[in-house]
Amino acid sequence: WKCQCDMNEAEAKGLLKMDFLGLRNLDIITDTLRLIKKQKGVSVDINKIPFVREVFDKIFSLGFTNSIFQFESPGMKQMLKQFKPESFEDTILLVAAYRPGPMQYLEKIINVKHKREPLTYLIPELEPILKDTYGSIIYQEQVMQIFQYLAGYSLGQADLVRRAMSKKKDSVLAKEKDAFIYGDEKRNIKGCKTNGIDEKKADILFEEMRDFAKYAFNKSHAAAYATVAYQTAWLKHFYPTEYLCSV
């Protein structure tokens with residue numbers, strides 16, 4: 001089957017659009033593992049390597065990221081030096097945030113991380129959802145959680161709103177804004193007001209999410225990228241000769 005449609009038209013016809021990416025970094029990792037075995041007699045299972053602080057301190061935090069997947073650009077190196085990631089969760093955040101749109105939040109996130117600004121939430125109920133991203137919305141999954149936990153949407157309903165936001169479907173969003181704040185009895189959605197949340201703050205939050213969702217990145221995707229980034233950083237740190245030969 002073939003179709004001459006863009007992504008949105010194809011989905012409207014019931015088709016599924018999928019992207020298949022070729023990644024040379026996977027070849028580099030494989031070549032490195034073979035060299036380690038050949039040169040040092042060590043078998044490394046790359047999917048079982050531990051998360052160790054020195055990789056974050058010596059590779060990521062210093063911007064020592066030439067040949068590290070997703071972290072090679074001069075801008076990313078500068079941001080790493082400012083942010084100083086300490087954990088895998090931090091690298092996931094940076095993969096998702098270092099792109100047009102979310103990048104506007106990075107200065108605030110860095111200041112909050114280093115305690116130059118206080119960590120605050122528009123609504124207290126946001127804390128368990130946003131604490132790992134220093135109080136800012138970074139992932140699509142966080143948008144879904146906000147709809148689920150604050151307004152009583154099911155995850156399926158929340159995902160439909162996320163999709164409408166990302167595709168700027170204003171007619172759908174106008175209806176969903178009322179449901180988010182005041183509820184929708186037909187769909188068994190309680191709404192923020194029923195859950196004791198100030199309606200003005202709920203309105204502000206909805207508009208923030210609407211603006212953010214235009215360029216939001218999903219955490220599951222960022223985590224997969226961050227995994228490959230960490231694997232390349234781990235190899236560069238512990239087996240630099242074999243890794244750089246493979247690069």
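**Warm-up.** Which residues does Asn 25 touch, not counting residues up to four places away in sequence? Asn 25 touches Phe 69 and Val 228, where contact means heavy atoms within 4.5 Å.

Some ground rules before going on. This is a predicted model, in which local features need pLDDT of at least 70 and side-chain atom pairs count only at pLDDT 80 or more, while totals for chains, interfaces and linings use all residues. Residues are numbered from 1 along each chain as its sequence is written, and side-chain values use heavy atoms, with hydrogens and water left out.

**Exercise 1. Describe the overall build of the protein.**

- Step 1: Count the elements. You should get 13 helices and 0 strands; both are DSSP runs numbered from the N terminus, helices being H or I with at least four residues and strands E with at least two.
- Step 2: Get the extent. The C-alpha trace spans about 65 × 55 × 30 Å along its principal axes.
- Step 3: Check burial. Of the 247 residues, 43% count as buried, and buried means under 20% relative accessible area, with exposed over 50% and partly exposed in between (1.4 Å probe, protein chains only).
- Step 4: Look at contact range. Take contacts between residues at least 6 apart in sequence, and 64% of them join residues at least 24 apart.

**Exercise 2. Place Asn 25 in the fold.**

- Step 1: Asn 25 sits in helix H2, residues 24-40.
- Step 2: With a relative accessible area of 8%, Asn 25 is buried.
- Step 3: Now pick Leu 80, which is 55 residues from Asn 25 in sequence; C-alpha to C-alpha, the two are 20 Å apart in space.

**Exercise 3. Work out why helix H5 is called largely enclosed.**

- Step 1: H5 covers residues 88-97, and 9 of its 10 residues are buried, so the helix is largely enclosed by the rest of the structure.
- Step 2: List some of the buried ones: among them are Phe 88, Asp 90, Ile 92 and Leu 94.
- Step 3: Find the cover, which includes helix H3 (53-60), helix H4 (74-83), helix H6 (106-113) and helix H12 (219-238).

**Exercise 4. Analyse how H10 packs with H11, then zoom in on Lys 177.**

- Step 1: H10 (residues 170-182) and H11 (residues 199-212) pack at about 145°, with axes 10 Å apart. Axes here are lines fitted to C-alpha atoms, for helices over the stretch in contact, and angles run from 0 to 180 degrees between N-to-C directions.
- Step 2: Sort the contact residues by class, and you find 9 nonpolar, no polar and 7 charged. Nonpolar takes in Ala, Val, Leu, Ile, Met, Phe, Trp, Tyr, Cys and Pro; charged is Asp, Glu, Lys and Arg; the others, Gly among them, are polar.
- Step 3: Lys 177 lies in H10 and counts as buried at 18% relative accessibility.
- Step 4: Leaving aside neighbours within four places in sequence, Lys 177 is in contact with Asp 203, Phe 206 and Glu 207.
- Step 5: The side chains of Lys 177 and Glu 207 make a polar contact at 2.8 Å. That term needs a pair of N or O atoms within 3.5 Å; within protein, one must be able to donate a hydrogen and the other to accept it, and residues adjacent in sequence count only if both atoms are side-chain atoms.

**Exercise 5. Find the surroundings of Ser 246.**

- Step 1: Ser 246 belongs to helix H13, residues 240-246.
- Step 2: Ser 246 is buried, at 14% relative accessible area.
- Step 3: Beyond residues up to four places away in sequence, Ser 246 touches Ile 28, Asp 31, Thr 32 and Leu 35.
- Step 4: The Ser 246 side chain reaches the backbone nitrogen of Thr 32 at 3.2 Å.
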